[in-house]
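Open the model in your viewer and keep the selection tool at hand. The stops below go from the whole chain down to single atoms.

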Amino acid sequence: MAKLYINEKNRKGKINPEIYGHFSEHLGRCIYEGLYVGENSDIPNENGMRKDVVEALREMQIPVLRWPGGCFADEYHWMDGIGPKEGRKKMINTHWGGVVEDNSFGTHEFFELCRQLGCKAYVNGNVGSGTVQEMSEWVEYITFDGVSPMADLRKENGHEEPWRLDYFGVGNENWGCGGNMRPQYYADLYRRYQTYVRQYHKDAPVYKICCGANAGDYDWTEEVLKTCSPDPARFMNGLSLHYYVTPGGWEKKGSATEFDENDWYLTLSKALYMEELVTRHGTIMDKYDPEKKIGMIVDEWGNWFDVEPGTNPGFLYQQNTMRDALVAGVTLNIFNKHCDRVKMACIAQLVNVLQSVILTEGPKMVKTPTYHVFHMYRYHQGASLLDSFLAENNEAGDGAYRVPALQESVSVSEDGTVNVTLANLSVSDAQEVEVEFAALSPQKVSASIVTQKMDAHNTFDEPEKVKEETFTAYTITEKGVKLTVPACSVVLLRIA
Ligand code: AHR
């Protein structure tokens, strides 16, 4: 039997709610159809935003939304997306499917979406093909409340008050689609561009995010921080990191729904690699920023599989199974455990693209297994991480890929309730666990679970095949809780 020791006396810092963030790009059917259908659509909407999707995302407690890209961000010229819609420029979305982008979703629509979702706004600026002036004026347009050309333009376009801009990204993947730059060159540009991201509100400063590494490119992190030394925190509040799980590599990623046990363990072992990435990039950050003033911002992560057969390869539409639920569960546990450094993370992407929490088809909508994990984990948002340790943990998997059977994180909410999230990575074996506190003697426990066969997924005909359900296979003991965690599941215990 595995033991989960929790020292409830050792609080290890606050889990920023933004670790549970999301990403929405002008890509495939994420923005258009997935989130925004326009005011004249038959699909019920408020100011063009789908009501069903907004309601589901509010229920999941979405804390922050990143927009407009991704690779799209470094091709996006924000002025094309303001003013009367009939006058907005059309362009070809060269990165994603070569479709016409009519710019009907722009700055005003994004902030309206954030208002409806009740979440923070993370806007990603254009360094790759944009000017310093363009970036600077965007920030002025969004945030300035005095008299200025951009503030006046915003008012002319119908928005008297400035918006609150919580996060601003200075470029995206500038080592790749954002300009193919070398780290020193980008870092010099970063120093320059960020200078003109003006802080118009001392009480609500914009959190500036510098473009960080692709997966295990530690040289990028080192060189960017070195170029911004001696005190990189003068220039940046956050440094990003992108990592996607592609089971068969970039050439042959593999199907989202048709896979075997070997693929299952391969995928999970690749997801667990996030631990090493966060640790090693974190070690470099510690060297240049020992006081941890700069947040690690994992603003793109998740599974990237082959597109669903018959769909546009440039739209990145993929199904979502229990395998995605497990990847979400273990990744979020890793972020929780590194909450001293990881301050935000955005799964890619919100709707209809990559590892989405929601899929839509015309007026229909389904919540994916990943959605249910985010919903279950929402109690960690803003809670304090607790010291926890798993002993006598089995291994799961055979052949080439072996992973720890159980993986966990534990937090305590403000009202004193302890939140334990446990993932069982084994496809075949249930795991018995004894949870033991240092001193706490539990009085009350409630629990829920997401579990099903490894390839189970929700479809528009069967939208509730995988869902969050009440979990009862536990007993309260004097020092904790005993439970049996079913194979292939993610469990939440709330212990008071
Ligand atoms: O999320 C899809 C793409 O992946 C993003 O546009 C880009 O930043 C990354 O390469």
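**Two domains**

The centres of domain 1 and domain 2, taken over C-alpha atoms, are 29 Å apart. The model is predicted. To see the two parts, select 2–8 together with 386–495 and give them one colour; the domain assignment calls this domain 1. Then select 15–381, which is domain 2 in that assignment. Next, look at where the two domains touch: domain 1 brings 43 residues to the contact, and domain 2 brings 42 residues.

**The ligand and its pocket**

Now select the ligand and centre the view on it. Which pocket holds the ligand? The ligand sits in the second largest one. Select the residues within 4 Å of the ligand, and 13 residues should light up around it. The closest are Glu25, Cys71, Glu173, Tyr244 and Glu300. Colour this shell by class: 7 residues are nonpolar, 3 are polar and 3 are charged.

**Polar contacts**

Show the ligand and three residues as sticks, then go through them one at a time.

- Glu173: an N or O atom in its side chain is 2.7 Å from an oxygen atom of the ligand.
- Cys71: here a backbone N or O atom lies 2.8 Å from a ligand oxygen atom.
- Gln349: a polar atom of the side chain is 3.0 Å from an oxygen atom of the ligand.

Finally, turn on the surface. How much of the ligand's exposed area does the protein bury? Taken alone, the ligand exposes 280 Å², and the protein buries 94% of that.

Terms used
Residues are numbered from 1 along each chain as its sequence is written. This is a predicted model: local features need pLDDT of at least 70, side-chain atom pairs count only at pLDDT 80 or more; totals for chains, interfaces and linings use all residues. Side-chain values use heavy atoms; hydrogens and water are left out. A polar contact is a pair of N or O atoms within 3.5 Å; within protein, one must be able to donate a hydrogen and the other to accept it, and residues adjacent in sequence count only if both atoms are side-chain atoms. Accessible areas come from the Shrake-Rupley method with a 1.4 Å probe; for residues, only the protein chains shown count as cover. On a 1 Å grid over the protein atoms alone, a cavity is a set of points where a 1.4 Å probe fits but cannot get out, and a pocket is an open set with protein on both sides within 12 Å along at least five of seven lines; lining residues have an atom within 4 Å of a point. A molecule sits in a cavity or pocket if more than half of its atoms lie within 2 Å of its grid points. Ala, Val, Leu, Ile, Met, Phe, Trp, Tyr, Cys and Pro count as nonpolar, Asp, Glu, Lys and Arg as charged, and the others, Gly among them, as polar. Domain bounds come from an automatic or database domain assignment. Contact means heavy atoms within 4.5 Å.
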